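Open the model in your viewer, keep the selection tool handy, and follow along stop by stop.

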Protein chains: 4
Amino acid sequence: MISADDSATDAQRRTRGVNGLSGVARLTVQCADRPGIVAAVGRALAESGANILALDQFTTDPKGGTFTQRTVFQVPALQAAWPDLEAAVATHLGKPFEAHWQLHDAAIAKRVAIFVSKTDHCLLDLLWRHRRGDLAMNVVMVVSNHPDLAEEVRAFGIPFFYLPVGSDKSAAEKAQLELLIGNVDLIVLARYMQILSEDFLEEADVPIINIHHSFLPAFIGAAAYQKAKERGVKLVGATAHYVTKELDQGPIIEQDVVRVGHALSTAQLTKRGADVERQVLSRAVAWHCEDRVIRVGNTTVVFPA
Amino acid sequence: MISADDSATDAQRRTRGVNGLSGVARLTVQCADRPGIVAAVGRALAESGANILALDQFTTDPKGGTFTQRTVFQVPALQAAWPDLEAAVATHLGKPFEAHWQLHDAAIAKRVAIFVSKTDHCLLDLLWRHRRGDLAMNVVMVVSNHPDLAEEVRAFGIPFFYLPVGSDKSAAEKAQLELLIGNVDLIVLARYMQILSEDFLEEADVPIINIHHSFLPAFIGAAAYQKAKERGVKLVGATAHYVTKELDQGPIIEQDVVRVGHALSTAQLTKRGADVERQVLSRAVAWHCEDRVIRVGNTTVVFPA
Amino acid sequence: MISADDSATDAQRRTRGVNGLSGVARLTVQCADRPGIVAAVGRALAESGANILALDQFTTDPKGGTFTQRTVFQVPALQAAWPDLEAAVATHLGKPFEAHWQLHDAAIAKRVAIFVSKTDHCLLDLLWRHRRGDLAMNVVMVVSNHPDLAEEVRAFGIPFFYLPVGSDKSAAEKAQLELLIGNVDLIVLARYMQILSEDFLEEADVPIINIHHSFLPAFIGAAAYQKAKERGVKLVGATAHYVTKELDQGPIIEQDVVRVGHALSTAQLTKRGADVERQVLSRAVAWHCEDRVIRVGNTTVVFPA
Amino acid sequence: MISADDSATDAQRRTRGVNGLSGVARLTVQCADRPGIVAAVGRALAESGANILALDQFTTDPKGGTFTQRTVFQVPALQAAWPDLEAAVATHLGKPFEAHWQLHDAAIAKRVAIFVSKTDHCLLDLLWRHRRGDLAMNVVMVVSNHPDLAEEVRAFGIPFFYLPVGSDKSAAEKAQLELLIGNVDLIVLARYMQILSEDFLEEADVPIINIHHSFLPAFIGAAAYQKAKERGVKLVGATAHYVTKELDQGPIIEQDVVRVGHALSTAQLTKRGADVERQVLSRAVAWHCEDRVIRVGNTTVVFPA
C-alpha cells in the first residue's frame, strides 16, 4: 500500500513512469486461504469501476495454505478514484480476510539503487535495459565501494556515489543509509562484493535483490566458478534472490543455466556465466518492479509475464 | 459444458478419474472483455460454496479484446451441488456477459483416441505416462492404418483397431467415425501419416491434436528433418497444434527445440527430434486434458501448470 | 549365457552390433601432453590403411596438462587388420608417449547390466531406446532388489534377476557379482536405491554410471525433490556420473534441468524431474557406449555427438 | 589508418591482439575426404615443432564427403617459424590433397566493420563484449545509414561513419567499399536494414555475417515478430548466417530461441527476441573470429568452443 506521505511526490514520479495504458493499477494480496477471497477482490474492483486486465491466483496448499493473488486493472481517472479504491479493498478484503494487500499505480516506477563493486556486466545490462524503457524502474543512484565504474554510470545520467568500505563497515553502511532512506523502493546488488549487516537490512527496510553466480544451493559463497570447474559440472548457472540475514539463503526469484563443456577454463566459465547472471538479474528485477513476485515463507510465487 | 445426456455415464467414468482432491472442478470462460466478469465468476462460485484453488485470467487486448479465464475450485459434495453450480454460472456469467463457458469435473478424465501409423515413440510415451497416472485422460482406443503396433498397444490393456486406408479414404474415415462418435472427447494424432478430410473433422466434432515434426511454420508438410538437414539449421523442433482444415496451420499449443550440430545425419536428426516430439505432444495433451488451453482465433491461450 | 572368454564371443557379438558402416573402429587416448602425439596417431592409423572419419582432441592445460583424443576410423577388412592395428598403435603411441589407449570395434556393442529398484522411468527409457536401436549397447540383464519390474523387463526379451538386499548387503553383492563378472562391460544404476560397497566397485571392475535426481552438487543424497521444493528453486535437474566410493561425488558425465514454477508440489516436481532423469541418463549411456567419455581426474572430457 | 599491405601491418596488429598464450596459431583445412589427411597435418605440424592444443575434425560423409579440420597449436618463436610452417603445410597437405587451408596467427585479431541502422542492441552488445576482451576481434569502424548511434559508438573510441542510403543505393555502396577495402576481414550486419547488392558482396570480398530476427527458415524477410505473434508461436528465435545473394538463405552459423507466452504483445516479443538476437550474433561472431566456422556448401561446420 502506498502510504499517505508518499502521495506528495507521486505526481512528479508519475510523469517519469514507464506505463503503456493510462489508469492501470495492480493489487497484490496474500493471506490465509479461505473461500470467497476472489469474489471479494472482484467486488472491490467492480465497485470502483475497474476493468480487470489480468489476474493470477495461487494457493500453496488447498488445506491451510497461503492464498496469493496479483490483479492488474484499469480505472478511469485512477488518481481521483484512488482513495475510493483503497477504501473498497480495505472493506471487502483487508478486514474480513486479514489480508496483506498492496495497491500499485502502474504509472509510478519503483525507485531503485544499484550497488556494485568492480564487475560491470550486471550493472550495464540493467542500465541499458532501463534506458531502452524495458524495465519499470527509475534508477535513482548507483552506489559502489570502488570508483572504477563512475564514468560509465554517469554517462547514463545517473548519480554515482563512491563509498569505500574500510575496516569499519558500519561507517560505510551508515553513509549508504543516509543516501537511501526515503529515496528508494528497491536495492539491487549487481555483483556487490560486500556482505550487508543485519542492521543495514533492517534500517534500509526495502526489498534487496542479489545476483549469485551459481545455481543455488550449489556453490554457496565466493569463487563459485572455480568450484564449478573443479567439480566438472556440465552447466553453470545464476540465481537472483531476496537478501536475508543468512548468506545466499534468501527466497529465490529466478534461476537459469547455460551449458558448458570440458574445454572451458575457469575464466571462460566466468564469462559464460556472466551472460546468465545479467539475464537472470534483469528478469528478477523486472518481475519485482511489475509486482509479480510474492514472498511466501522462504520461497516466492512469481506470476509470469 | 457437460450436457445432460452425458451424466448417465459420468458416475462410472468418475471412478476411473485421476484426481487428487475430491470435489474439484474447473470453469473455463471466454467472452468479449467487459468490466465485472471476474467479480461475476467470483459471485457464482461463492454462492456455490466453492473455494478457489487457482485462477488464471488473460485478456488479449484491453480495448475490444477477448477475455479468457480458467478457475479451479473445490466444492463440498460436488456431484450433489453440480446443478446449482451450473445454474449459478449461467445466471451470473453466461447470460449477462454472453460468455462461452464450460464446467469440468476434475475427477472425470477425458476419453481419448490415439491415431498412429508405424512410428511408435509418441504413442508409447503417451501410453506410458498414462499408465503412470501422469495424464488426466483415459485412452479408450488406438486407431491405426497399419497393424504393426497392435501387440504393443494391447499390452497396455487398450483396444487397438486396425483400419487400413486404401484409395477410397472416405470408407476408412466412415469406419473410424463409427468407432469414435459418442465415445471420445479428444483425438490425438501421434504421428498419423494421413490427412483427415474436412468432413471427418466436422463429423468427429471433438478437438484433434496433431504433432508436427518441425518448429512450425518452418518445414511444413512431409520430410521435415531432411529439409532441416539441407538447410543446415542448428536446432530442430516439434509443434503440437489443433488440427484445422489447413494443413499444419491450426492453433499452436506447444513447441520446443533441441540443439543439433553439423555432425548429425538426417536419420540422427530424426531420432533427436523424436525426443522433442514426444515431450511436446505429451505436454500439449496434458494441458488440454487439464482444460488449460483456450482457443482464441488461430492462436491459443495456455494457462501454465 | 555369455562366455567369459571375450575373444571367442566377439564374432557372435559382432553380429548383434548396432553399427552403420562396416569396418569402423574407435581409438581413445589419454596421456601427459607432449608435442607429436597427434602426428603419431595419424601415422599409426595411416600405416593401417585407416580413413579417419572423425577426430576430437583436447588438452586440459597447454602446460603440463592431460592430452585426450577420440578418433573414429574405417579400415577395410577390419577384423583381419586388427592385430596389425594394435601393433601400430602400440609402437607409435603406447610406448613413446606412455599413453593409455583403447581400440574399440564399433560393431561390437558394450554389454550392459541395468540395476533398478522400483521406479521404472529410467529403465524403460533405456530399454525402449535399446529396442529402437538408438543405443550402441546390448542389455544382457536387469538386476533388481525388488520383483516389481520383472514382467516389464522380460517383455523386452531381457533376463530379469531378482536379488533382494537384506540386512547382510554383502551376500546380495556376492550374488550380483556372480552374475556380472565376465559378462558385462558397463553397469547402469537406473534409480537403484542401494549404495554399492567399495568392495563391489573393486570386484565388478567395470565403469558404473548412476543417475542422481538433482543438479549436483546441489541436493546430494536422498529426497532431492523435497529439498528442492523446500528451497524454492526455479529449475530442477538430474546428473549422470560415474560411481566412485564417495556418494554422489564421482565424475559428472551429463546434467540437465527443467524449469519449474511455484505451483508444482513435490510429487509434481518428481514427475517433471523424471523426464530430465531419463534423458540425462540415456545421453550419458549413449556417449559412454560410443567411447565419447574420457575420465580425467574427477571430471570428464565428453567429445560431442 | 590500417594499410592495405597486410604483412606490413601484422607486427602492429599483433600487439593489439587478444591472445592468452604466445605463439598460438590455427590451421583450418577443407578438402575432398581421403585417407591420410590427419597424418599429413600431424606431420606438417610436428616438423615445425608445434604442440597441438586442440584438434577437431569432421567429414560430412564417409563416402565422397568433405573433410574439415581445425587445429590449434603452439610453436616457439611463431613469427620466425611462420614461413617454414606455411611451407610444411603446403608440402604435406596443400599439394598432395588439393586442400583449401588457412593459417591464422591467434594473436592477430580479425578487423571488423559493423553495419547498423537505428536499433542498438546487437551493436552495443558486440562493442561491450569487445571492450571486455571477450571477442577476438578489432572493431575498426561502424557504418550506418542513420546518424542516430554516432555518439554511442564514438564513446567506445571507435570511428562511426554515417553514409545515408538514398534512392541510388549504388552510390552509398561505393562509399562504403572505399572505407572497407583493404581494411576489414569481416563485416557484421548488426540489424542493418538495407539489402546489400550482389556487386557489393563481390567487391567487398570478405565474409559478411547477418543477424535475422527469427528462427530461419520461419518468417523470412521483414516484420518477423509480427508474423510470429499472428501465428501464435510459443518460441521466438534468431539466426546468424553468412550473407549470400539470396535474402536470408545463406549458411546458418548459429540459432537460438526463447519461450514466449500468449500474453506478450508484438512489442514485447520484439524485446524478448532482442535478447536472443544479441546472444546469437555475439556467439556467431566469436566463433568466426576464432576460425571455428567452416562453410561447406550452404551449411556450416562449427567446431565448438
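A residue is called buried with under 20% relative accessible area, exposed with over 50%, and partly exposed in between (1.4 Å probe, protein chains only). This is a predicted model, where local features need pLDDT of at least 70, side-chain atom pairs count only at pLDDT 80 or more, and totals for chains, interfaces and linings use all residues. Residues are numbered from 1 along each chain as its sequence is written, chains are lettered from A and ligands numbered from 1 in the order in which they are written, and side-chain values use heavy atoms, with hydrogens and water left out.

**Stop 1: a pair inside chain D**

Select Arg278(D) and Asp275(D). Both of these residues are buried. Their side chains form a salt bridge, at 3.5 Å from N to O; the term stands for a side-chain nitrogen of Lys or Arg within 4 Å of a carboxyl oxygen of Asp or Glu. Because Arg278(D) and Asp275(D) are three residues apart in helix α9 (residues 266-289) of chain D, about one helical turn separates them. Helices here are DSSP runs of H or I with at least four residues, strands are runs of E with at least two, and both are numbered from the N terminus.

Now widen the selection. Asp125(A), Arg129(A), Asp275(A), Arg278(A), Asp125(D), Arg129(D), Asp275(D) and Arg278(D) are linked in a network of salt bridges.

**Stop 2: more salt bridges**

Side chains of opposite charge can pair when their charged atoms come close. How many salt bridges are there over all chains? The count comes to 75.

For one of them, select Lys110(A) and Asp291(A), whose side chains meet at 2.9 Å, N to O. This pair links distant parts of the chain, 181 residues apart: Lys110(A) is in strand β5 (residues 110-116) of chain A, while Asp291(A) is in the loop between α9 (266-289) and β12 (293-296) of chain A. Are these two residues buried or exposed? Lys110(A) and Asp291(A) are both buried.

Next, pick Glu152(C) and Arg131(B), a salt bridge with its closest N and O atoms 3.1 Å apart. Glu152(C) sits in helix α5 (residues 150-154) of chain C and Arg131(B) in helix α4 (residues 121-132) of chain B, so this pair joins two chains. Glu152(C) is partly exposed at 25% relative accessible area, and Arg131(B) is partly exposed at 41%.

**Stop 3: patches on chain A**

Turn to the surface of chain A. Patches are made of residues with over 30% relative accessible area and no salt bridge; like charges are joined within 9 Å and nonpolar side chains (Val, Leu, Ile, Met, Phe, Trp, Tyr) within 5 Å. Accessible areas come from the Shrake-Rupley method with a 1.4 Å probe, and for residues only the protein chains shown count as cover. Lys and Arg count as positive and Asp and Glu as negative, leaving out His and the chain ends. Each charge is placed at NZ of Lys, CZ of Arg, CG of Asp or CD of Glu.

Select Glu198(A), Asp199(A), Glu202(A), Glu203(A), Asp205(A) and Glu246(A) to see a patch of negative charge on the surface. Within the patch, Asp199(A) belongs to helix α7 (residues 198-204) of chain A and is exposed, with 54% relative accessibility.

Then choose Ile195(A), Ile220(A) and Leu247(A), which make a nonpolar surface patch of about 260 Å². Ile195(A) lies in the loop between β8 (186-189) and α7 of chain A, and is exposed at 52% relative accessible area.

**Stop 4: two residues of chain B**

Select Phe200(B) in helix α7 (residues 198-204) of chain B. Phe200(B) is buried, with a relative accessible area of 0%.

Move on to Thr60(B), in the loop between β2 (51-59) and β3 (66-74) of chain B. Thr60(B) is partly exposed, at 37% relative accessible area. Add Val301(B): the two are 241 residues apart in sequence, with C-alpha atoms 9.0 Å apart in space.

**Stop 5: the axes**

Finally, zoom out to the chains. Two copies of a chain are related by a rotation about an axis and a shift along it. Copies are superposed by least squares on the C-alpha atoms of residues with pLDDT of at least 70 in both. A turn of 180° and a shift of 0.0 Å along the axis lay chain D on chain B, with an RMSD of 0.0 Å. That is the relation of a two-fold axis. Which residue of chain D comes closest to the rotation axis? Select Ala218(D), whose C-alpha is at 2.2 Å.
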